Amino acid sequence: MADKYNAENIITETQKRISNAFDVFDHESNKTVDVREIGTIIRSLGCFPSETDLHDIIAELEEEEPTGFVRYEKFLPTMTKILLERKFRPITEDLLLQAFEVLDQQKKGHLEPEELTKYLTQEGEPFTQEEIDEMLSAAVDPDKNVILYKDFVSMMTFDDTR
Amino acid sequence: MGCRVTKSNQVQLKPCDRGNISVPAAATAMRAALLIQRWYRQYVARLEMRRRCTWNIFQSIEYSGQQDHIKLYNFFSYLMDHFSSANSQRNLVSQMFGESDPFQDAEWEKHFCYKDIEVPDVYTGPHLSFPLTISSVTELVDAFKNKQKLHARYVLQLLGKTWTLLRLMPNISHVCTCKHKEITICGDLHGHLEDLLLIFYKNGFPSAEAPYVFNGDFVDRGKESMEILLVLFAFLLLYPHDVHLNRGNHEDHIVNLRYGFTKEVLGKYQVHGKMILKLLQKIFSWLPLATVIDQKVLILHGGISDKTDLNVITKLDRHRFVSALRPLKRRGAWATRKEADDDFGSGRRRVQSLTHGAPLRLRQELQRHSVHSESGRTGRSVEEELRERRRLAGLSLPSDSDSAEDLEADTVEWKQIVDILWSDPMSQNGCVPNEVRGGGCYWGPDVTQEVLDRHKLQLLIRSHECKQEGYEFCHNGRVLTIFSASNYYDVGSNRGAYIRLGPDLIPHFKQFQASRSTRELTLRQSVGRTERSAFQALRMQLFAHKSALIREFQEYDPQCTGLISVKHWAVAVEKVLCLGLPWRVLRSQLVNSSTQDGTLNYQDWVSQLSVIQPNTEIANTSLLETLYKHHSNLESIFRMIDTDHSGLISFEEFHQTWKLLSSHLQTDISDKAISDLAESIDFNKDGSIDINEFMEAFRLVEHRRAEMEAPPPSPE
């Protein structure tokens with residue numbers, strides 16, 4: 001009995017969160033958002049999809065004849081499922097640190113801006129110039145001109161707890 | 001690109017991946033990069049969400065602040081109607097509004113003459129000689145860049161010539177792209193000189209080959225409104241056929257009292273400020289109302305209504321309408337509108353793109369309102385009808401003529417102008433009065449289509465509303481908003497933009513964001529900063545509504561436990577503030593104390609909202625609340641009372657102001673409370689009150705809590 005009540009509660013709370021996030025981008029107040037904002041909405045709800053993941057999700061959400069907009073009535077069930085199934089779970093601080101360590105092939109304890117730039121703009125799902133510029137502006141130690149990734153990771157993930 | 005990535009979130013980094021290999025296996029490096037990218041994009045998305053929410057907060061507060069303006073306006077109407085001419089108040093008030101304007105232009109020209117004003121040898125600012133040359137104007141711009149001030153003599157000289165020139169211009173300028181390559185169109189500048197300079201830097205100065213249109217709202221809010229005007233007027237004098245200035249709703253001396261321009265001028269020009277303001281009053285009324293490009297693109301400041309008719313606008317005498325918001329001058333008794341101040345707070349909120357809330361409800365309310373207006377009009381005589389329309393419109397008619405036809409023509413013309421300067425687009429069809437702004441209307445896509453088609457136009461370019469990206473289309477791409485004051489709400493809040501329009505009449509946008517500090521901040525820092533600013537503004541709003549909030553909370557707490565559920569808290573706050581914000585989401589930033597079992601102690605919370613500067617001690621808290629609620633209006637009123645622009649008002653005047661305000665608000669402020677207040681802020685103990693000091697003393701300061709919220713130290 002208690003379980004059922006809790007389960008319903010969880011679903012309601014989840015859907016409220018989804019609704020709030022959706023509303024932020026619903027500019028015309030007509031329960032639609034621009035498809036280009038879907039990534040932001042999904043991520044702001046705590047998910048960590050890759051770009052490919054997003055492509056797939058958007059393909060599901062779009063209309064048969066793409067209008068450039070996504071309707072709430074389609075978004076809600078898809079997003080609810082994603083959240084309840086806990087897909088695209090967060091990347092932990094440890095894992096993130098490991099990833100930086102992998103790139104730090106010489107085990108220097110830091111990365112040169114050029115090194116990081118090369119990896120992030122050429123590998124995986126490459127960053128745009130804007131993205132890499134922005135990351136470097138936050139990550140590069142201005143005195144030493146290197147990325148002290150251990151500090152960087154702790155600082156960035158501190159934000160998560162606020 | 002490359003191999004397919006698995007959907008698994010866990011990147012398996014085996015221990016043997018690390019260690020002594022000099023180059024990581026390609027697949028591992030790729031997985032690591034992918035992980036970092038995925039994480040970073042999520043981080044940026046969360047910041048973007050926060051930025052959007054912050055934006056919504058600022059917008060909601062700004063539009064609710066517009067209601068303050070309505071209240072001020074009501075207050076003046078109240079003044080006008082409740083004091084007979086025998087009473088000294090009435091004289092004071094009519095003097096404030098400068099209603100007597102008996103002189104002809106020629107006499108005014110003598111009055112504004114600059115020739116007797118001497119420029120002392122110690123003056124190090126720029127010197128102007130006329131006719132202007134491009135090098136002298138460039139020098140002027142450089143001087144302003146270096147924070148120099150132009151001497152009053154040159155100011156009056158420049159303004160005088162501008163006035164002369166403007167009087168020759170038609171109401172609507174017609175421009176052709178045939179000769180030129182492209183026209184540049186800028187939106188609101190609001191005293192942000194840095195943005196104007198940035199535009200000139202990126203886009204070049206105006207010239208015969210590079211024509212410009214500036215779409216109003218050059219002044220108010222920003223601190224360099226005077227400099228912006230001088231630069232724009234200088235270029236106008238230099239290239240009268242290639243620089244086009246449209247009037248905005250802020251080119252209006254009454255609005256300037258409230259939003260900072262009057263204060264700026266009087267502060268910068270203590271001896272001649274008053275004269276400069278008077279001359280500017282005339283210049284503003286002579287600014288053209290619209291620009292049309294190639295007979296296809298209409299550019300004006302606010303917008304249109306279903307009644308907009310460019311033929312009417314072309315023919316009217318625009319300079320008669322000195323201010324769009326001057327209160328009514330009426331012979332009859334005050335009409336039935338005795339509404340208390342709070343009526344306007346009852347759920348009328350802007351229907352517009354970036355706020356939360358229940359727009360459907362508001363839409364229905366607005367429709368209901370317009371239906372009422374319609375049905376209310378039946379069965380009245382023409383005279384009553386006109387009076388009613390004037391009352392709604394807020395017109396102070398410049399002519400004293402009694403004939404009904406004249407009055408009617410005036411009303412029609414006046415409405416055309418107000419609609420152009422004050423209206424905003426909405427997404428629903430129709431055309432309803434703009435209650436929030438107090439003038440103009442909200443117009444829908446059907447009105448756009450009808451008006452543009454009727455005039456054989458294809459695009460409407462307007463400004464008047466701040467947009468996060470500096471520009472925004474609506475109404476199926478037929479209406480374009482352009483806004484050129486970046487960081488309008490706070491550092492990092494929005495970009496500015498301008499348009500380049502060639503003979504193909506397809507707009508191209510350039511965005512920018514001024515402020516040295518923005519460039520040095522990372523995304524995270526600028527979002528954080530704007531956010532803190534927004535929440536501070538919200539706390540001020542909450543503080544100003546303390547009593548009402550407590551009353552509302554108590555409704556949900558019949559047993560007086562002092563506790564309220566989070567859900568009820570959110571409902572109550574929205575009911576009182578009517579900002580349409582997602583309070584439950586914002587709660588964590590606004591409520592400090594922990595909420596166990598989903599309840600919070602509202603008394604504690606309210607008392608923790610803010611502290612005042614310690615150098616004043618006011619026992620009477622309701623007085624304080626009134627002060628906060630009417631903060632900006634109070635300043636406007638003080639400045640109006642200070643007719644000699646000395647920056648000081650006497651105790652007597654101070655007392656009168658409070659008494660008037662309290663009787664208008666139908667609240668009770670005792671004489672003793674007022675004298676206590678006056679004494680506590682007479683810092684100089686000389687029997688007069690410095691307006692600036694007064695406003696400063698009651699500026700809400702950040703609660704100590706804000707210090708605890710300071711961002712963590714970062715490696716930057």
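Here's a quick tour of three spots in chain B: a helix pair, a buried isoleucine and a set of paired strands. Keep in mind that this is a predicted model. The helix pair is α4(B) and α7(B), the isoleucine is B:Ile313 in helix α11 of chain B, and the strands centre on β13(B), which pairs with β2 of chain B and with β14(B).

**Helix pair**
- Helix α4 (residues 134–145) of chain B packs against helix α7 (residues 225–238) of chain B at about 170°, and the axes sit 10 Å apart.
- That angle makes α4(B) roughly antiparallel to α7(B).
- On the α4(B) side, the contact residues include B:Ile134, B:Leu140 and B:Phe144, while α7(B) brings B:Glu227, B:Leu230 and B:Phe235, among others.
- By type, the contact between α4(B) and α7(B) has 10 nonpolar residues, no polar ones and 1 charged.

**B:Ile313**
- B:Ile313 is part of helix α11 (residues 310–315) of chain B, and it's buried, with a relative accessible area of 0%.
- Beyond its neighbours within four places in sequence, B:Ile313 touches B:Asn171, B:Ile172, B:Leu289, B:Thr308, B:Gln416 and B:Ile420.

**Strands around β13(B)**
- Strand β13 (residues 496–501) of chain B is mostly covered, with 5 of its 6 residues buried.
- Strand β2 (residues 183–186) of chain B pairs with β13(B) in the antiparallel sense over 4 bridges, and B:Thr184 stands opposite B:Arg500.
- Strand β14 (residues 507–512) of chain B also runs antiparallel to β13(B), over 6 bridges, with B:Phe509 as the bridge partner of B:Ile499.
- β13(B) and β14(B) make a hairpin with 5 residues between them, and B:Leu505 in the turn has a positive phi of about 60°.

Conventions. Residues numbered from 1 in each chain as written. Chains lettered and ligands numbered in written order. Predicted model: local features only at pLDDT ≥ 70, side-chain atom pairs only at ≥ 80, totals over all residues. Heavy atoms only, no water. Axes fitted to C-alpha atoms, helices over the stretch in contact; angles between N-to-C directions. Helix = DSSP H or I, 4+ residues; strand = E, 2+ residues; numbered from the N terminus. Parallel < 35°, antiparallel > 145°, perpendicular 65-115°, else oblique. Contact = heavy atoms within 4.5 Å. Nonpolar A, V, L, I, M, F, W, Y, C, P; charged D, E, K, R; others polar. Buried < 20%, exposed > 50% of the residue type's maximum accessible area, 1.4 Å probe, protein only. Pairing = 2+ DSSP bridges.
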